[in-house]
Amino acid sequence: MAAAACGSKAMSLFKRTLVLSPAAAPRGSGPGAPRGCAPPATAWPCKDWPRGPSAGRRPHCCRGPPATAVCLPCPQDSLSSGLRTCFKYLNATSRSFAAVIEALEGEIRHAVCIFYLVLRALDTLEDDMTISTEEKVQLLHNFHSYLYEPDWRFLESKEKDRQISLEFRNLAEKYQTVIVDVCQKMGFGMAEFLVKQVTSEQEWDKYCHYVAGLVGIGLSRLFSASELEDALVGEDTKHANSMGLFLQKTNIIRDYLEDQQGGREFWPQEVWSKYVKKLGDFAKPENVDMAVQCLNELITNALHHIPDVITYLSRLRNQSVFNFCAIPQVMAIATLAACYNNQQVFKGVVKIRKGQAVTLMMDATNMPAVKAIICQYMEEIYHRIPSSDPCSNKTRQIISRVRTQNLPNCQLISRSHYSPIYLSLVMLLAALSWQCLSTLSQVTEDYVQAGDH
């Protein structure tokens, strides 16, 4: 039932929306360093190092670094004791996600950490089956106001909620305003879907907006508030919403079998009812052809968000923010390509290979590379469109339109020109970075495997 799982699916998406690797951290500074770079390990800031969005910023005109640059998170000893405690909570919740947030620079790192923990707390409330629906609706509606109450606790959480709300109140007002607004809207959206299911495609978009689009909008507003990104990034809610919807729809499509086994349904009834009487019937072998046709129709729906994704990413100027946003998107298009016309979605787990995921994370550090990756996977889908598929024309049309309008003259990625010496250096770098990639492996698992519900 969609209503019962709204929160868990929301936070599964929230974690994935931001999930990156250590490769997405700000790059080392120095002469010729790219924009938004952090100091190298030998020059980490001391306690008196200036903070804020303008500290150490690079001009927007600087371009991104090579994909093989090594990144480091911000050291914990530069944080206040309260923030260290919050990052400790974050590590306990998701070790890989904590590393991702630490890769951001300046104040935005702290704001996103608190943003995440607040929404996790909201999710915990929504997911608590011991609370009556009536009481839960009231709590979800009012949750945002509790952030300003120093003594408020959610059930037995005690010190944890107090510390999070304290650090929330220590944030600059510009960040507090964004977090409270998103928290309020998400709370009302969760409450709405407590008592109804996802029926039409319009309702599907609405549900995905509440649990994912709002996350994209909130993050975009935080980026702009920090001045790491232009005001337009935070003001254009349409494109920020599409960023979230594309990720959420990808997760919902891929996780069909796991959600069915867990008693959850997120595929829109308006679509699947054209093929079977019950959504669970797709798992029956005799319905595999209809199941794949429905799968392809939903993937075609998700592909309509690609133009907005490209527009959004093209506006980003800070390197750490770009990586933070771009990598989940290229992982999503790769996942959709793996799922398209694939019966395995209804039989087991469909995931991209770890090596493929690592390559994507290392490559997606600038806009030309991201466009090439998107182009590559859309071409894969295009060449696998069955002529007998009822949605084949629509799928071809959206891919052709994106290719013409958003990816003109885009070159597919090719590594055949890499010299043996270059490849040897890459292999050496990989060996020296094994410890860092251990964390990356965990991030990859978080993304390419089924969401933790």
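How many salt bridges does the structure hold? There are 13 salt bridges in this structure. Please keep in mind as you look around that this is a predicted model.

**Charged pairs**

Side chains of opposite charge can pair when their charged atoms come close. Three such pairs are set out here.

| Salt bridge | Closest N to O distance |
|---|---|
| K196 and E203 | 2.9 Å |
| E297 and K274 | 2.7 Å |
| R403 and E379 | 2.4 Å |

Let us begin with the pair in the top row. K196 is partly exposed, with a relative accessible area of 24%, while its partner E203 is buried at 16%. This pair also has company: a network of salt bridges links E192, K196, E203 and K206.

Next come E297 and K274, which form a salt bridge with 2.7 Å between the closest N and O atoms. E297 lies in helix α13 (residues 288–303) and K274 in the loop between α12 (269–272) and α13, so this salt bridge ties together parts that are 23 residues apart in sequence. The two ends have opposite surroundings: E297 counts as buried, at 12% relative accessibility, whereas K274 counts as exposed, at 53%.

In the last row, the side chains of R403 and E379 meet in a salt bridge. R403 sits in helix α18 (residues 392–405) and E379 in helix α17 (residues 367–383), so to speak two distant parts of the chain, 24 residues apart, linked by the pair. R403 counts as partly exposed, with 27% relative accessibility, and E379 as buried, with 15%.

**Cysteines**

How many disulfides does the structure hold? The number is 0. Why does C391 not take part in one? The closest cysteine sulfur to that of C391 belongs to C294 and is 9.9 Å away, which is too far for a bond. C391 is buried, with a relative accessible area of 6%, and C339 counts as buried too, at 1% relative accessibility.

**The nonpolar core**

Now turn to the inside of the model. The largest nonpolar core has 124 residues, and W267, F282, L303 and L313 are those with the most contacts inside it. Which helix gives the most to this core? That is helix α15 (residues 319–339), with 14 residues.

W267 is a good residue to click on. Leaving aside neighbours within four places in sequence, W267 is in contact with a list of residues including V198, Y256, W272, F282, L298 and F346. C294, the cysteine we met beside C391, is also among the contacts of W267.

Another buried residue to find is Y116, in helix α4 (residues 107–127). Y116 has a relative accessible area of 0%. Its C-alpha atom is separated by 9.3 Å from that of V215, although the two residues are 99 apart along the chain.

**Two residues with positive phi**

Most residues other than glycine have a negative phi. Which way does the phi of E227 go, positive or negative? E227 has a positive phi of about 70°, and it is not a glycine. You will find E227 in the loop between α8 (201–225) and α9 (231–235), where E227 is partly exposed, with a relative accessible area of 44%.

N341 is not a glycine either, and has a positive phi of about 55°. N341 lies in the loop between α15 and α16 (354–363). With a relative accessible area of 32%, N341 is partly exposed.

Conventions:
Residues numbered from 1 in each chain as written. Predicted model: local features only at pLDDT ≥ 70, side-chain atom pairs only at ≥ 80, totals over all residues. Heavy atoms only, no water. Salt bridge = Lys/Arg side-chain N within 4 Å of Asp/Glu carboxyl O. Buried < 20%, exposed > 50% of the residue type's maximum accessible area, 1.4 Å probe, protein only. Helix = DSSP H or I, 4+ residues; strand = E, 2+ residues; numbered from the N terminus. Disulfide = S-S within 2.5 Å. Core = buried A, V, L, I, M, F, W, Y, C linked by side-chain atoms within 4.5 Å. Contact = heavy atoms within 4.5 Å.
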